[in-house]
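Colleague: I'm new to reading structures, so could you walk me through this one? I'll ask, you answer.

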Number of protein chains: 4
Amino acid sequence: MDKSTQYKIFNDPIHGFITVPKGIILDLIDHPYIQRLRRIKQMGLGYLVFPAAEHSRFSHALGAMELAQQTLNNLREKDTTISPAEYEGTLIAVLLHDVGHGPLSHTLEFNLIEDFHHEKMTLAVMRHLNEEMDGALDTAIKIFTDQYPKKPFLNQLISSQLDIDRLDYLKRDSAFTSVYEGSVGIERILKTMRVHKGNIVIEKKGIYAIENYILARRLMYMQVYLHKTVLSADILIRNIFQRVRELIQSGTDLYHASPALQFFLEEQPSAKKEIPKKVLKKYLRLDDNDVFQSIKYWQYEDDPVLANLCKRFQSRSLFRTTFLDNKPSDELTEKVKVKTQRSLKDRGLPHDETSSKYYYNFAVSYSEAYRYENEGIWILEEKDKAVEFSKAADTQNIIALTEPVVKPYVVHLKDIEI
Amino acid sequence: MDKSTQYKIFNDPIHGFITVPKGIILDLIDHPYIQRLRRIKQMGLGYLVFPAAEHSRFSHALGAMELAQQTLNNLREKDTTISPAEYEGTLIAVLLHDVGHGPLSHTLEFNLIEDFHHEKMTLAVMRHLNEEMDGALDTAIKIFTDQYPKKPFLNQLISSQLDIDRLDYLKRDSAFTSVYEGSVGIERILKTMRVHKGNIVIEKKGIYAIENYILARRLMYMQVYLHKTVLSADILIRNIFQRVRELIQSGTDLYHASPALQFFLEEQPSAKKEIPKKVLKKYLRLDDNDVFQSIKYWQYEDDPVLANLCKRFQSRSLFRTTFLDNKPSDELTEKVKVKTQRSLKDRGLPHDETSSKYYYNFAVSYSEAYRYENEGIWILEEKDKAVEFSKAADTQNIIALTEPVVKPYVVHLKDIEI
Amino acid sequence: MDKSTQYKIFNDPIHGFITVPKGIILDLIDHPYIQRLRRIKQMGLGYLVFPAAEHSRFSHALGAMELAQQTLNNLREKDTTISPAEYEGTLIAVLLHDVGHGPLSHTLEFNLIEDFHHEKMTLAVMRHLNEEMDGALDTAIKIFTDQYPKKPFLNQLISSQLDIDRLDYLKRDSAFTSVYEGSVGIERILKTMRVHKGNIVIEKKGIYAIENYILARRLMYMQVYLHKTVLSADILIRNIFQRVRELIQSGTDLYHASPALQFFLEEQPSAKKEIPKKVLKKYLRLDDNDVFQSIKYWQYEDDPVLANLCKRFQSRSLFRTTFLDNKPSDELTEKVKVKTQRSLKDRGLPHDETSSKYYYNFAVSYSEAYRYENEGIWILEEKDKAVEFSKAADTQNIIALTEPVVKPYVVHLKDIEI
Amino acid sequence: MDKSTQYKIFNDPIHGFITVPKGIILDLIDHPYIQRLRRIKQMGLGYLVFPAAEHSRFSHALGAMELAQQTLNNLREKDTTISPAEYEGTLIAVLLHDVGHGPLSHTLEFNLIEDFHHEKMTLAVMRHLNEEMDGALDTAIKIFTDQYPKKPFLNQLISSQLDIDRLDYLKRDSAFTSVYEGSVGIERILKTMRVHKGNIVIEKKGIYAIENYILARRLMYMQVYLHKTVLSADILIRNIFQRVRELIQSGTDLYHASPALQFFLEEQPSAKKEIPKKVLKKYLRLDDNDVFQSIKYWQYEDDPVLANLCKRFQSRSLFRTTFLDNKPSDELTEKVKVKTQRSLKDRGLPHDETSSKYYYNFAVSYSEAYRYENEGIWILEEKDKAVEFSKAADTQNIIALTEPVVKPYVVHLKDIEI
């Protein structure tokens, strides 16, 4: 049978062509829950610093699915048996791996739902879809939850130190931000990947591609994901939402809010136990637009704090981020508070304790390029001997570079000296 | 003085670095009216076919401004005098050349404001900003409106058959859609551009770069801008808005609409005369999010036609486009109507005359890669002789390719045979 | 069986990875006759204008073989049966399609062997290799010579208006010359290629990729292959070799010549009939280095004409090319001769009739981007109807562009006005 | 004056356009000594592993000169005064920095001239050219030899841990080898470079670009420059030349050798003292072609050892490289010798002590990505405080990665087990 009629092809600047198998994969892609990812930016507020980084979780999900196909095809060439059901299940799991993300995911997660974890939400959505599709996602869910003991490597493709998610987003984010240093040679990584005793390993000749991958990830954290301006914009958004919630709790009627967002702001559901289907469905109506629309119209709210914070966001008058050498002292905390209040006062803005606390924050940034304890990337050094990357030849020194980087910082008004 | 402190640098996947002069240019970029362009996609609904074509008018505006700088610097190298005020004015005009665009511009323009032209709106916004900035945009406005007789070439950089707008969007759109055939060698075009008797001309050695540019433009129209699915999605959106307006006029209360959008749907202002400042300000609150949010929540409206159309958009169940060899006959028009009504009836949807007309449309697509009458691109064939491109050596035959392409088509339900 | 052990992988800037099947393909690649192509530049003297165009026929042959694999795999996906022997035969034919080329092929061909055609020579080399390898090239030779009536499309991949040779060299040459306009989206061409009634056709959705391919080819001729300086360098080399032959015929002993080159200069074999094995073997010792070494040392010959011509080549003091509107008149021919002699005299160089004729030439350049009579590229317009490209929809006008371009020119000393 | 007429533009796949100032720079480029670099491959025998790495030292020299212009222009923008003479001198020094290289430089250097250093030879060539050009290279030579105390940064651009040579060759070599991991974001490095107290420093925001640069260099050594097959091909060539010299010394007449090469093989000049002009001129006739031509024809020599070694090179039957954990023991040395002799005997080849020693070698590979003692790259951490890179914030751990990598290895016949 003519296989080419079984595919639909999309163009992609990262992978050239993306081949989408017709049937359940294409049905899922057209499903409103996945189409919703078109309205959630992959890099959250990163576009404020890198203007072209406007790409969505949807194009990332498609790209990851394409890489999954390439990977599985390569593994089959190397004699690993993968059944059609396992193949499809893996593609589905990769395609949906981020479907639980909400608007401005990392920024807002905990503000909308208590005890939120996007993996948990992803699983809830997958189960919801599985019901709707009469069990068609059974295998995908098993692989996603690592309940597929026959072939642990399938789950490793979904979630590990070298999963397909990371390969696509590093390549994609570095391309759209035009941060050259974050670029990764994924072609070589895929070519040197194989299955050894049920697990993903990298052939020896791919070791430098792995070194490059880990260091690229480190550099993307340093230059992009934890960029000062991104950190400060994140805080601004969070403060806006805290203020709104405070207003709502005190009974204020908002000039404008989207129905779904209003639900979460008022109800404050929790994800501690299983997420009720009603909450899940509301959640799946949310996307970045709910946030951006709200902020746009909240500029015209009566509350001067909320209006001011929203105007700041609309005109890119963000706060400044200053990194600290140590955890902030009580003295510093007090100093920042006092200076903030004085600055607000000078500009005729509310400067009491409750209002001023929205204009500064202390926080900590954290990044970890590679974690080797209990996980790690394994190199096939000899025919039958796999070694964790940090213990492989020529890499003894690289581990120093992969220690988590932890940096306290303070976000504050620009006219304040720290 | 250290010039490097006078710039802010942004990363861009198309041009590498974008150098933004501090002062008025940076102030304008941070202005909410320009920041608003971040929320309007450059390619409208093109992302439905080309998933990564999610880039905004904002990143295009920045990119065009960067190209303007490179162009002006090159012209200065070639002995053309450009004063600092002219330089700045040109950058401003290029940066703002699309500031009047509304949400899903080409799709919705006429549905929100009668007699709308985005150039007219752009000018209105520029004048509004000029007032706010005490005349700082005077030169920019003169150049933009071709009221700068000393140096006609400056206006040609803003608006002509070879303007900077086109150079950036062709390059950018072909990169993000990954449509290789639309890619243009803008570097060579800029290098061979010069001023001759006050007008922009291309040196002879750049003639093939121009040929390539015109043909790339033609191919982008054929493959991207007038892609069947894009045409059908445009129609769907337009029909949604016509239905909404109909509902509003009949007094229906919407479940949800954004404040700014509601204003336009209810008031239906006209741009025949000068646009009142109140209308302008409302207009500048609109962006794609108003549209996408509305459609998302209109799925839950009581009106079955509106709800159905909006659900179609959310789940990518678009109409089909069929190109016609000739203008549609009355017979065909009737046939499509009857078949549509039958199909709607079969699915238990309203199928009366008024409802069914939202499920099909007859229209005409039009493209023109190059217009040489009264305009054209001029080639400097000899030291003192410029010739319009189609009359230059080696290009006699190319004009055949640049004739406008006009294609009638019908958009209809997928289960209908035409 | 683990297929990945059956391949050797090479890196390539054009295709990323090149996968070479072990066995006869790899044996052929390592054979001295194919390794010899490493020492013959793909673009002859093109590097004199495009400094990085130093790539060899060897890397082009490898690249073409990689494309052949991708093409055959795609065709198999589309239900075309290709046996392992046919697959291998096609790869061999593609790999060897240029093996008969000599040093500076197009420049020198006729100066070394009378009645030379590189296709004829390629066939002779293939037969020679086939003998050495006990008939392993039987199928390849049948395909190459179009003696494989079962599957004409295989020969079309080797030699037609859309053969793999062209796809690789256009992409490769445009990349190494950095002539953007010659770049071709081969990925899309390969994806839309299929077999229809035994012949290669392009699916309708690939039609614009074909338009782009033809125009890119046209632009490469105009900007690169027939570049004025390349034409003039070609003439210089030819004149050097004519002078040398003249000297040898008059009994002059050369200061230095490579053994193989000397053989051809002295013997002047002909390829009218079958090429004798002795001549073939000598020919296969020749590469660009024989030419460049000779010219380098011929600078120190006693003959002032030869020494001067060779010094010109070494120091890039090339002649000038002037295009003519018509065939040169007798008057012009005479004028150029007289002026050349005067110029040589002024510089104290031999300026008699015999000597001066090496300092100018009249010639004609010829290019044809696409030939549709009897050949052509076929578009699959409907399920069962293939149409030659120039007759397909949307392309009616393109044929004008593909008419052969014929330009007479004269090559002459730079101090002469034409 | 129209500056654009003062330049000639070349196309380059790495930098896009290369702008060559007319006058002395263009004169130098056309000079036979620099044109000679077209015939010396930048990566020596690297093309045997990376088939497209066929680029010459000439295109690298041009590329480096282009980068030098960009660098100097950037520094001027940042308020560093650079006079026209200094500007031109720096360009010349960069353009000529490798002009002293001989054929297969690193492979053959010591086999042709005793006590050879290519920097010494480069200086000799520059002085020779300076004489010929009446002192036009005075400033260039001062900068090249670090005798320009006013502006030490100019010499640092020629030769330091972050010189322009490295920036161009890393970018170029990684592109032509298609080794993604070696790619470097030179644009960002150039943008963040400035002069501080007379020395080149990098602004703080460029620190990750430097980290990436050092690690890319490390990976290029590991994957490319010290690739096993390249090491083994180097040894083969060296052994060929040692055998030839041995033959010549014993009075054997060669079937073929180029005049210049023969001179060096017979005379064995030394570079201990100043290089005599006669030797220099002979040296400047040598290029890769002398080597490749010789090896090609030495296949037909009577000496079976020489013929066999040369046939191996022509048919890519190279030796194998095995890395050793430690310095080779006497036992291993003996074992390899005995096995080699047995293998040669089995194939009917001369296997005595003198002949067999050309079939194996023990050697040591060495690489150092970054040297910080006495040199290093300096980061401008605060307005007035530059810190050596390894001592800057966020980089404490990187130094581990830059320790020299020293690996002993043995090169031997493929049928021998080590």
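Colleague: How many residues does the contact take from chain B and from chain A?

Modeller: Quick note first: this is a predicted model, where local features need pLDDT of at least 70, side-chain atom pairs count only at pLDDT 80 or more, and totals for chains, interfaces and linings use all residues. Residues are numbered from 1 along each chain as its sequence is written, and chains are lettered from A and ligands numbered from 1 in the order in which they are written. Two residues are in contact if their C-beta atoms, placed from the backbone, lie within 7 Å. Counted that way, chain B gives 39 residues and chain A gives 39 residues.

Colleague: Which helix of chain B supplies the largest share of the side that touches chain A?

Modeller: Helices (H or I, at least four residues) and strands (E, at least two) are DSSP runs, numbered from the N terminus. Elements of chain B that each supply at least two residues to this side include strand 1 (7–12), helix 3 (57–77) and helix 15 (288–298). With six residues, the largest share comes from helix 15 of chain B.

Colleague: How many residues of that side of chain B are nonpolar, polar and charged?

Modeller: Here Ala, Val, Leu, Ile, Met, Phe, Trp, Tyr, Cys and Pro count as nonpolar, Asp, Glu, Lys and Arg as charged, and the others, Gly among them, as polar. The side of chain B that touches chain A then splits into 15 nonpolar, 15 polar and nine charged residues.

Colleague: What rotation superposes chain B on chain A, and which residue of chain B has the C-alpha nearest the axis?

Modeller: Copies are superposed by least squares on the C-alpha atoms of residues with pLDDT of at least 70 in both. A rotation of 180° with 0.0 Å of shift along its axis does the job, at an RMSD of 0.0 Å. The two copies are thus related as by a two-fold rotation axis. In chain B, the C-alpha nearest that axis, 2.8 Å from it, belongs to N289(B).

Colleague: And chain D: how do the residues of the side of chain B that touches it divide by class?

Modeller: That contact takes 12 residues from chain B and 12 residues from chain D. Strand 2 (16–21) and helix 10 (186–191) of chain B each supply at least two residues to this side. By class, the side of chain B has three nonpolar, two polar and seven charged residues.

Colleague: Why do chains B and D meet through the same surface?

Modeller: A rotation of 180° with 0.0 Å of shift along its axis superposes chain B on chain D, with RMSD 0.0 Å. The copies meet through the same surface because the interface residues of chain B that are also interface residues in chain D amount to 100%.

Colleague: Which strands stand at the edges of the open sheet in chain A?

Modeller: Two strands pair if DSSP finds at least two bridges between them. The sheet has four strands in the order 3-4-7-8, with mixed pairing. Each edge strand has a single partner, so one side of it is left without a neighbour in the sheet; these are strand 3 (193–196) and strand 8 (385–388) of chain A.

Colleague: What stands opposite E203(A) in strand 7 of chain A?

Modeller: Strand 4 (residues 199–203) and strand 7 (residues 378–382) of chain A pair in the parallel sense over two bridges. Opposite E203(A), in strand 7 of chain A, is L380(A).
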